[in-house]
Amino acid sequence: MTENADKRIGPGGSPIVYQETLRPSWSMWLLVLLAAALGWLTLAPLSIGWGVVSGVIVAGIAAFGLFASSSDVTVTTTHIQVGRATIGREHVGAVMGYVGDEAFAQRGRKLHGLAYLHLRSWIKPVVRIQIEDAQDRTPYWLTSTRNPEELVSALGGSMHVVEDVQADDEDIPEWLIEAERQRLEAEQAEDNREQPNDNGVR
């Protein structure tokens, strides 16, 4: 949820310009029911009572884990806080938002090993926040967000735009190139036959 509440004070004692709480989606809570069922099945063969107790305990642990996974992304006029990490905005460089396949790539094959991660599996879009601090080895922060456009706007960033990639000659099959060459040669030969000779005879 995004809130524009400039009167509230956030990290650095500055007004909050953007805040979002990353909470588990409703589908994640189905895991609590699944955990309860598995807990019950574990001890139910021994005793129905023990099965119920086991199911309640396992469901409680699963619910606590989901509650604990909730965290905030907060932007103030001077600082940004992502989970437990806080940094002054003077150390923030380029900010880019990603959705779809590119967001998946940022989480996986394009991920830097030293990046600070604040990811939630049930939230697909991500925002990459470049860190420009000589004392910090972290190249960037990568955080999940349900509102990438609003978060990058609050940080003066932009959304990643997928560019249309034009096919290069090396991407064209050799047989297709050869067929096109033969077609052009045939057309040129036909044009040469139709041109009049020096006597004006075709």
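Helices (H or I, at least four residues) and strands (E, at least two) are runs assigned by DSSP and numbered from the N terminus. The legends below describe views of a predicted model.

**Figure 1. The whole chain, with its five helices and nine strands.**
Read from the N terminus, the elements follow the order β-α-α-β-β-β-β-α-β-β-β-α-β-α. Of the 202 residues in the chain, 31% are buried. The chain exposes about 13200 Å², and 57% of this area comes from carbon and sulfur atoms. Among contacts with a separation of 6 or more, 60% link residues that are 24 or more positions apart.

**Figure 2. The open sheet of four strands, in the order β1-β2-β3-β4.**
Pairing in this sheet is antiparallel. Its edge strands are β1 and β4, each of which pairs on one side only. On average, neighbouring strands are turned by 10° against each other when direction is ignored. Six bridges connect β1 with β2. Ile16 has Thr76 of β2 as its bridge partner. Four bridges connect β3 with β4 in the antiparallel sense, and Gln81 stands opposite Thr86 in β4.

**Figure 3. Strand β1 and its surroundings.**
How many of the seven residues of β1 are buried? Five of them are, so the strand is largely enclosed by the rest of the structure. The strand covers residues 16-22 and supplies at least two residues of the largest nonpolar core.

**Figure 4. The open sheet of five strands, in the order β6-β8-β7-β5-β9.**
The pairing in this sheet is mixed. Strands β6 (116-118) and β9 (158-159) are the edges, and each pairs on one side only. Strand β6 runs parallel to β8 (residues 140-144), and three bridges join the two. One residue to look for is His118, whose bridge partner in β8 is Thr143. As background, strands of a sheet pair through backbone hydrogen bonds, either parallel or antiparallel.

**Figure 5. The largest nonpolar core, made of 24 residues.**
The residues with the most contacts inside this core are Ile80, Val95, Ile129, Trp141, Leu151 and Leu155. Elements that each supply at least two of its residues include the strands β1, β2 (71-76), β3 (79-82), β4 (85-88), β5 and β7. The helices α2 (48-68) and α4 (148-154) each supply at least two as well. Apart from this core lies another, of six residues, among them Ala103, Ala115, Val126 and Tyr140. In soluble globular proteins, nonpolar side chains tend to be buried together.

**Figure 6. Val95 in strand β5.**
Is Val95 buried or exposed? Val95 has a relative accessible area of 5%, and because buried means under 20%, Val95 counts as buried. Leaving out residues up to four places away in sequence, Val95 touches Val127, Arg128 and Ile129, and also Val152, Leu155, Gly157 and Ser158. Trp141 is 46 residues from Val95 in sequence, and their C-alpha atoms are 9.6 Å apart in space. Val95 and Trp141 are both listed among the residues with the most contacts inside the largest nonpolar core.

**Figure 7. Helix α3 lying across β5, β7 and β8.**
The helix spans residues 100-107 and runs at about 50° to β7. In this view β5 covers residues 92-98 and β7 covers residues 126-131. Which residues of α3 are buried? They are Glu102, Ala103, Ala105 and Gln106. Seen down the axis of α3, these buried residues fall within an arc of 160°, so they line one face of the helix. On the other side, Gly100, Asp101 and Phe104 are exposed. The cover over the buried residues includes β5, β7 and β8.

**Figure 8. Gln106 in helix α3.**
Why does Gln106 count as buried? Its relative accessibility is 2%, and buried means under 20%. Setting aside neighbours within four places in sequence, Gln106 is in contact with Tyr98, Leu111, Val126, Arg128 and Leu142. One of these contacts, Val126, also belongs to the core of six residues. Arg128 is in contact with Gln106 and is touched by Val95 as well.

Definitions and conventions:
Residues are numbered from 1 along each chain as its sequence is written. This is a predicted model: local features need pLDDT of at least 70, side-chain atom pairs count only at pLDDT 80 or more; totals for chains, interfaces and linings use all residues. Side-chain values use heavy atoms; hydrogens and water are left out. Buried means under 20% relative accessible area, exposed over 50%, partly exposed in between (1.4 Å probe, protein chains only). Contact means heavy atoms within 4.5 Å. Two strands pair if DSSP finds at least two bridges between them. Axes are lines fitted to C-alpha atoms, for helices over the stretch in contact, and angles run from 0 to 180 degrees between N-to-C directions. Accessible areas come from the Shrake-Rupley method with a 1.4 Å probe; for residues, only the protein chains shown count as cover. A nonpolar core is a set of buried Ala, Val, Leu, Ile, Met, Phe, Trp, Tyr and Cys residues joined through side-chain atoms within 4.5 Å. The arc is that of the directions from the helix axis to the C-beta atoms.
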